[in-house]
Amino acid sequence: MTPIERIQEMEGHLNAYQGLIEELEACLQRVEAGQSSYIALRDYYTSQVYMDDVELSNQPDFPEEVYCGVLSEYAVYDLLDEHYQKAVEMLDLATKMLKER
């Protein structure tokens, strides 16, 4: 590889990673802004109100047109687990990033 080729390759690495960091920043800002929604959903899912809503949704006179995926057996549970798993992955990646600095 010639020095010019090497410089061009490294320029490509610089530009590609710079783009990734910019995307990461935007994504982190959206996730941080959504934390209050996550907390509200988590608190709802672990409350008596949630259980009351599930019971209500099982009544024969509950409107069929009301979408209530939030009351399904696993939708919120799976999201809470995914939230945890992504947090662990972010910690692992952050540790790697810091060590490879």
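## Exercises on a predicted model

Leu80 makes contact with Tyr38, Arg42 and Tyr45, leaving aside residues up to four places away in sequence. This is a predicted model, so let's work through it with that in mind.

**Exercise 1.** Work out which residues make up the largest nonpolar core, and which helices supply at least two residues each.

*Solution.* Start with the members: Tyr38, Tyr45, Tyr50, Val54, Leu71, Val76 and Leu80, seven residues in all. Now look at the helices: α1, α2 (48–57) and α3 (75–99) each bring in at least two of these residues. Two of the Leu80 contacts, Tyr38 and Tyr45, turn up in the core list as well.

**Exercise 2.** Classify the ring pair Tyr44 and Tyr50, then find the burial of each residue.

*Solution.* First, geometry: the ring centres of Tyr44 and Tyr50 sit 5.4 Å apart. The cut-off for a pair is within 6.5 Å, and planes over 60 degrees apart count as edge-to-face. The planes here are at 85°, so the pair is edge-to-face. Next, burial: Tyr50 has a relative accessible area of 6%, which makes it buried, while Tyr44, at 22%, is partly exposed. Finally, zoom out: the structure holds two aromatic pairs, and ring pairs link Tyr44, Tyr45 and Tyr50 into a cluster.

**Exercise 3.** Compare the span of helix α1 with the expected value, and locate its bend.

*Solution.* Helix α1 covers residues 3–45, which is 43 residues. From first C-alpha to last, α1 reaches 59 Å, close to the 63 Å expected at 1.5 Å a residue. As for the bend, go to Gly34: α1 turns there by about 40°.

Technical notes: Residues are numbered from 1 along each chain as its sequence is written. This is a predicted model: local features need pLDDT of at least 70, side-chain atom pairs count only at pLDDT 80 or more; totals for chains, interfaces and linings use all residues. Side-chain values use heavy atoms; hydrogens and water are left out. Rings of Phe, Tyr and Trp (its six-membered ring) pair if their centres lie within 6.5 Å; planes under 30 degrees apart count as stacked, over 60 as edge-to-face and the rest as tilted. Buried means under 20% relative accessible area, exposed over 50%, partly exposed in between (1.4 Å probe, protein chains only). Helices (H or I, at least four residues) and strands (E, at least two) are DSSP runs, numbered from the N terminus. The expected span of a helix is 1.5 Å times one less than its number of residues. The bend at a residue is the angle between axes fitted to the seven residues ending there and the seven starting there. A nonpolar core is a set of buried Ala, Val, Leu, Ile, Met, Phe, Trp, Tyr and Cys residues joined through side-chain atoms within 4.5 Å. Contact means heavy atoms within 4.5 Å.
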